Amino acid sequence: MVRHSSRIELSLPALKNNIRFIRKRIGDHPELCCVVKANAYGHGTEAYIPMLEKAGVNYFAVASSFEAEAVHKVASSESKILIMGILYTQDLEWAIGNGIEFYAFHYDMVANALKVAQKLNRKAKIHLEVETGCNRTGLSENEFIKSLDLMKQQPDYLSFYGLCTHFAGIESLSNHFRTNRQYLVFKDFIKLCEKKGVKPKLKHIACSAAAIAFPDTAMDMVRVGIAQYGFWPSPDIYNMYIMEREKRREQPLKRVITWKTDIMDIKEVRKDEFIGYGTAYQAYQDMRVAVLPLGYSNGYARSLSNKGFVLIQGKKAPIVGLINMNLFMVDITHIPEAQINDEVVLIGKQKNNTISVSSFSNFSNQLNNELISRLPAAIPRIMVS
Ligand SMILES: *Cc1c(COP(=O)(O)O)cnc(C)c1O
């Protein structure tokens with residue numbers, strides 16, 4: 001097999017550690033459903049799902065029927081899959097036929113599911129997603145009552161697996177006036193179910209931030225995304241955790257991913273010359289520069305131009321000039337021992353230095369999610385244990 005220009009290593013011990021930490025936060029009762037949308041946040045569904053199963057997780061949530069199919073191909077037959085987003089009517093037969101659970105966020109989805117379930121003589125496993133204030137997807141109270149009545153009439157074909165909603169940014173403390181209200185509205189929906197005499201198998205609302213910082217919200221299940229991969233949902237959540245621990249210095253979450261490439265070429269550049277396209281970087285002295293064989297088309301964000309670092313021989317090498325489509329350059333003037341083909345760490349640890357994803361931007365934790373979830377599917381993923 002020909003070689004790709006970069007590679008991703010996934011640490012099984014780190015993943016097991018993160019799952020243990022999350023389990024400790026939420027206690028024994030709630031189901032732990034791991035969110036593996038967007039190719040497992042860029043970690044790679046094919047390699048990552050078996051690792052989660054090794055870590056004792058067998059419940060996976062995705063954003064579409066397309067992603068569900070990818071997970072279904074590699075998951076063991078006992079594992080459960082939940083679609084939290086787009087499920088086209090044409091794919092209902094596949095989903096119900098394969099016992100895939102799914103969100104319904106308008107009445108027609110429930111009505112269509114009934115038709116397909118009757119045709120297949122199977123039960124549709126439905127999670128009713130309710131609107132509590134995110135104003136994204138979710139059933140209004142009227143649509144919810146209509147859907148619930150249909151589910152009540154058709155217990156042989158429609159199974160009430162879940163009652164759920166999603167916090168509109170519980171990562172940020174400044175948004176809590178809003179998420180607190182969502183929690184109360186959700187509890188009203190629970191009361192409505194009780195009044196109607198129907199009981200969902202699982203009530204769930206918590207994402208990573210809620211599961212870590214507000215374990216009360218765990219209810220019957222948590223849907224944990226970013227934390228399982230070893231990233232804090234936000235500085236607010238990290239600070240809350242640290243405060244609760246009374247400043248004990250510990251790092252309970254461990255990064256699962258390491259991203260590596262190698263030096264493709266080395267250049268001597270004279271003082272005052274420009275490096276790469278345009279005039280983005282001018283050599284302030286005679287410099288030695290390493291060329292790396294990947295760029296923004298390979299998932300290395302163009303916004304990192306002239307910012308950030310990679311690791312070579314355990315030392316930080318700063319990016320010089322623009323990130324190109326398939327190449328970028330780093331300064332190795334201070335690393336004379338560096339040679340062509342040397343290992344380069346883009347994310348992760350090398351000797352005593354670490355490049356964390358968040359170090360790419362101290363201003364936006366969004367970049368964490370965006371950068372890792374965009375890592376191209378073509379990069380090979382290897383489990384390390
Ligand atoms: C992405 C997602 C999650 C997971 O969020 P994290 O903050 O990554 O834990 C949970 N629920 C829904 C509906 C989502 O879309």
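**A guided look at the ligand and an aromatic pair**

Guide: Welcome! By class, six nonpolar, three polar and four charged residues make up the shell around the ligand. This is a predicted model, in which local features need pLDDT of at least 70 and side-chain atom pairs count only at pLDDT 80 or more, while totals for chains, interfaces and linings use all residues. Residues are numbered from 1 along each chain as its sequence is written, and side-chain values use heavy atoms, leaving out hydrogens and water.

Visitor: What makes the approach of Y41 to the ligand a polar contact?

Guide: A polar contact is a pair of N or O atoms within 3.5 Å. An N or O atom in the side chain of Y41 is 2.6 Å from an oxygen atom of the ligand, so the pair qualifies.

Visitor: How do you know that R223 makes one too?

Guide: A polar side-chain atom of R223 lies 2.9 Å from a nitrogen atom of the ligand, so this pair meets the 3.5 Å limit.

Visitor: Why is the pair of Y300 and F328 called stacked?

Guide: Rings of Phe, Tyr and Trp (its six-membered ring) pair if their centres lie within 6.5 Å, and planes under 30 degrees apart count as stacked, over 60 as edge-to-face and the rest as tilted. By this rule there are nine aromatic pairs. Y300 and F328 are 4.5 Å apart, centre to centre, with 15° between the planes, so the name stacked fits.

Visitor: What does the pair tie together?

Guide: The pair ties together parts that are 28 residues apart in sequence, because Y300 lies in the loop between β12 (287–292) and β13 (309–312) and F328 in strand β15 (residues 328–331). Strands here are DSSP runs (E, at least two residues), numbered from the N terminus.

Technical notes
A polar contact is a pair of N or O atoms within 3.5 Å; within protein, one must be able to donate a hydrogen and the other to accept it, and residues adjacent in sequence count only if both atoms are side-chain atoms. Ala, Val, Leu, Ile, Met, Phe, Trp, Tyr, Cys and Pro count as nonpolar, Asp, Glu, Lys and Arg as charged, and the others, Gly among them, as polar. Helices (H or I, at least four residues) and strands (E, at least two) are DSSP runs, numbered from the N terminus.
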